[in-house]
Amino acid sequence: MFGFGTMIEKLKKNPKTIVFTEGTDPRILEASGRLLAGTWLTPILVGEEDEVKHAAEEAGFNIRGARIISPKTYERMDEMVDKMVELRKGKMTPDECREMLQKPNYFGTMLVVMKEADCLLGGATYSTADTVRPALQLIKTKPGNKIVSSCFILVRDHATGDREVLAMGDCAINIDPSEDELVEIAVETTECARHFGVEPKVAFLSYSTKGSGKGETVDKVHNACEKAKAVMMGIPVDGEMQFDAAVNPTVGQLKFPGSPVAGYANTFIFPDINAGNIGYKIAQRLGGFDAYGPILLGLNAPVNDLSRGCNAIEVYSMAIITAALS
């Protein structure tokens with residue numbers, strides 16, 4: 001079952017380091033102070049040491065024990081430039097790489113590449129694109145993966161003491177994924193869901209249930225679902241289906257009789273980013289779910305993105321998730 005306690009216990013057995021690219025942001029500093037109270041996840045703050053320490057003092061946060069690294073004084077910069085030139089494969093000159101590495105998002109990503117840190121969390125002041133682009137260019141996708149995707153983990157506690165955990169993908173990265181990209185999103189989202197204690201029942205969502213609607217988008221979801229069944233053997237996968245058919249057993253078995261997923265889904269694959277982004281935010285704002293993410297999937301090393309509207313508790317939570325998945 002989902003719980004930060006389990007993730008923290010995992011990190012205690014194998015402590016990690018995490019880069020925060022926005023080292024002077026008060027939310028980052030507050031989360032770093034909380035992390036430093038333990039010994040299982042050490043923050044690396046990107047920024048000028050005097051500026052980071054001043055910001056922490058001004059905000060009243062104790063960051064003693066954190067590493068503060070500035071691109072201007074990083075002792076391995078020449079080595080980092082050479083590595084970035086190699087990774088960019090002739091697309092950037094050494095001087096261009098050196099200039100780009102003055103940007104905290106690129107510098108922080110290269111700290112992960114250089115094994116100075118295990119993972120990275122950014123986006124408190126950057127757009128998602130500014131966090132994902134360096135990761136795509138420098139960390140790249142895992143072998144066998146063609147895209148980076150994302151999922152949100154939705155968590156809601158009930159008065160009975162039960163905890164409901166759902167996975168939703170892709171809600172943040174791929175605007176209009178193809179059939180094959182939807183399959184990859186489903187595979188990665190399912191794997192992520194398992195890290196959070198979910199036994200996946202995967203629904204490919206649409207405005208149509210089992211052919212009730214017609215159109216190119218229906219065909220795309222239906223075909224992607226059939227392809228996913230072929231590669232996700234042993235995992236309940238079904239679709240295309242409407243959301244009510246996915247979550248309500250009465251409606252689901254009426255509209256999609258005999259489906260192992262209809263009415264019982266807990267892992268949802270959306271047809272495009274519009275549906276996914278709207279869907280998870282409805283669950284968060286009206287359904288009382290806590291939303292964790294976007295959790296980036298398919299990269300060679302864990303890099304995650306924050307919402308620019310995040311608070312320190314969300315930074316702390318996402319830091320634990322990012323490190324625990326590394």
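1. Strand 7 (residues 202-205) runs parallel to strand 9 (residues 267-269), and the two are joined by three bridges. Within this pair, Ala203 faces Phe268 of strand 9. As with everything below, this is read from a predicted model.

2. Both strands belong to an open sheet of six strands, ordered 8-7-9-6-5-10, in which the pairing is mixed. Strand 8 (237-241) and strand 10 (290-297) form the edges, each pairing on one side only. Between neighbouring strands of this sheet the turn averages 20 degrees when direction is ignored.

3. Asn145 lies in the loop that links helix 7 to strand 5 (149-157). Its relative accessibility is 14%, and Asn145 therefore counts as buried, the cut-off being under 20%. Setting aside neighbours within four places in sequence, the contacts of Asn145 are Glu184, Glu188 and Gly298.

4. The length of helix 4 (residues 77-88) can be checked against its residue count. With 12 residues at 1.5 Å a residue, helix 4 should span 16 Å, and the distance between its end C-alpha atoms is 16 Å, so the two agree.

5. Which residues of helix 4 are buried? They are Met77, Met80, Val81, Met84, Leu87 and Arg88. Because these residues cover an arc of only 125 degrees around the axis, they sit on the same side of helix 4. Asp78, Asp82 and Glu86 are exposed, on the face of helix 4 turned away from the buried side. Note that the buried set includes Arg88, while the exposed residues named here are Asp78, Asp82 and Glu86.

6. What do the buried residues of helix 4 pack against? Their partners are helix 5 (94-100), helix 6 (104-113) and helix 7 (128-139). Helix 7 also precedes the loop that holds Asn145, with strand 5 on the other side of that loop.

7. Helix 6, one of the helices packed against by the buried residues of helix 4, is itself mostly covered, with nine of its 10 residues buried. The buried residues are Asn105, Tyr106, Phe107, Gly108, Thr109, Met110, Leu111, Val112 and Val113.

8. Two backbone values deserve a look at the helix ends. Lys89, just after helix 4, has a positive phi of about 50 degrees. Lys115, just after helix 6, also has a positive phi, of about 65 degrees.

Technical notes. Residues numbered from 1 in each chain as written. Predicted model: local features only at pLDDT ≥ 70, side-chain atom pairs only at ≥ 80, totals over all residues. Heavy atoms only, no water. Helix = DSSP H or I, 4+ residues; strand = E, 2+ residues; numbered from the N terminus. Expected span 1.5 Å × (residues − 1). Buried < 20%, exposed > 50% of the residue type's maximum accessible area, 1.4 Å probe, protein only. Arc of directions from axis to C-beta. Contact = heavy atoms within 4.5 Å. Pairing = 2+ DSSP bridges. Axes fitted to C-alpha atoms, helices over the stretch in contact; angles between N-to-C directions.
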